[in-house]
Amino acid sequence: MKNLNLIEVKGHDVMKKNTWDAKKYGKHAEFVPKLAFPLIELLGEIKGKKILDVGCGDGILTLELVKRGADVTAIDSSPEMVEVSKSKGIKALLKTVTDLHYNYEFDIVFSNAVLHWVPEPEKALKNIANSLKDGGIFVAEFGGKGNIRSIIQAMEQVFEENPEFGEFKNVWYFPDVNEYKELLEKTGFNVEYIELIPRPTPIDDIENWLEIFTNVYTSHLTKNQTKLFRSRVKELLKSRIYTLKNGWVADYVRLRLRALKG
Ligand code: BEZ
């Protein structure tokens, strides 16, 4: 078993990004923003505050921030998601967190379910720190150590069973508390709160989940290979994360934090 916490920096998948289908995301992944509403409570009073939402997706949480009276700028690396957010009246820009050039502009940076997709966590945190005014608040939640371990193990096994798929390379970054706390402090934050939270997450069907979230791993495969990948992963996971009573429940682990720019 390889270290699932490592990010690969070589190989076919590095320069590629997952592509996002906003319709499918809205239908089968609505749990992503829905389960993150408690994260908004970590922000405190936001009326009149300038907020940068890093990775707004289809804008569900962003709209909640706007509804509570904040002046929100949202960024996302997916052109489709940016268009969907704009169509909802959100000030959304096509930008990635590793390519931000804001200086002392925001009271708050907020991010949900995004930072595990970023292969340069230190650069991301430096850019977030630069974007904040002194004393600014950074609140985030994303996949932490052990997140979706069963799913990754099944994906890796399917790659091993099919050498023609190439080498399996984990592109996700799921740090533990100490590692991320250190990075936060190194990039100028005082950490008020940081916690790893196991959060078993009901999903409608693992095949939909795989289609939405793992296309970066299959973009080099043929249609038939992709079909085989998804059905075999599903078969392997059935005994691990599926029950008749509860359906599919993915083994999510969240890293949740609140930090202040020092
Ligand atoms: C998540 O933890 O939100 C996540 C991580 C990787 C793929 C999909 C979702």
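The following paragraphs describe the surroundings of a ligand, one helix and several single residues in a predicted model.

Because the model is predicted, local features are given only where pLDDT is at least 70 and side-chain atom pairs only at pLDDT 80 or more, while totals for chains, interfaces and linings use all residues. Residues are numbered from 1 along each chain as its sequence is written, and side-chain values use heavy atoms, with hydrogens and water left out.

The shell around the ligand consists of His116, Trp117, Gly143, Asn147, Ile148, Trp172, Phe174, Trp209, Phe213, Tyr252 and Arg254, where a residue is near a molecule if one of its heavy atoms lies within 4 Å of it. Two of the side chains in this shell can be described by their distances to oxygen atoms of the ligand: a polar side-chain atom of asparagine 147 lies 2.7 Å from one such atom, and a polar side-chain atom of arginine 254 lies 2.2 Å from an oxygen atom of the ligand. The protein covers 98% of the 260 Å² of accessible area that the ligand has on its own, with areas computed by the Shrake-Rupley method and a 1.4 Å probe; for residues, only the protein chains shown count as cover. Helix H9 (206-213) and strand S8 (247-261) are the elements that give two or more residues to the shell; here helices (H or I, at least four residues) and strands (E, at least two) are DSSP runs, numbered from the N terminus. By class, the shell holds 7 nonpolar, 3 polar and 1 charged residues, where Ala, Val, Leu, Ile, Met, Phe, Trp, Tyr, Cys and Pro count as nonpolar, Asp, Glu, Lys and Arg as charged, and the others, Gly among them, as polar.

In helix H5 (residues 79-87), the buried residues are Met81, Val82 and Ser85, where buried means under 20% relative accessible area, exposed over 50%, and partly exposed in between (1.4 Å probe, protein chains only). These residues lie on the same side of H5, because they cover an arc of only 100° around the axis, the arc being that of the directions from the helix axis to the C-beta atoms. The face turned away from this buried side carries the exposed residues Pro79 and Ser87. The buried residues of H5 pack against helix H1 (22-28), strand S2 (71-76) and strand S3 (91-94), and just after H5, glycine 89 takes a positive phi of about 90°.

Most residues other than glycine have a negative phi. Tyrosine 104, in the loop between S3 and strand S4 (106-112), nevertheless has a positive phi of about 50° although it is not a glycine. Alanine 113, found in the loop between S4 and helix H6 (121-131), also has a positive phi, near 60°, and at 17% relative accessibility alanine 113 counts as buried.

Strand S4 includes aspartate 107, whose side chain reaches the backbone nitrogen of lysine 50 at 2.7 Å. A polar contact of 2.9 Å also joins the side chains of aspartate 107 and lysine 133; a polar contact is a pair of N or O atoms within 3.5 Å, and within protein one must be able to donate a hydrogen and the other to accept it, while residues adjacent in sequence count only if both atoms are side-chain atoms. Leaving aside neighbours within four places in sequence, aspartate 107 is in contact (heavy atoms within 4.5 Å) with Lys49, Lys50, Leu132, Lys133, Gly136 and Ile137.

Asparagine 127, in helix H6, counts as buried at 11% relative accessibility, and a polar atom of its side chain lies 3.4 Å from the backbone oxygen of threonine 98. With neighbours within four places in sequence left aside, the contacts of asparagine 127 are Val97, Thr98, Asp99 and Leu100.

Tyrosine 193 belongs to strand S6 (residues 189-203) and is partly exposed, with a relative accessible area of 25%. Its side chain makes a polar contact of 2.7 Å with the side chain of glutamate 195, and, not counting residues up to four places away in sequence, tyrosine 193 touches Leu42, Arg256, Leu257 and Arg258. Leucine 35, in the loop between helix H2 (31-34) and helix H3 (37-41), is partly exposed with a relative accessible area of 34%, and, by the same sequence limit of four places, leucine 35 touches Arg199 and Thr201.
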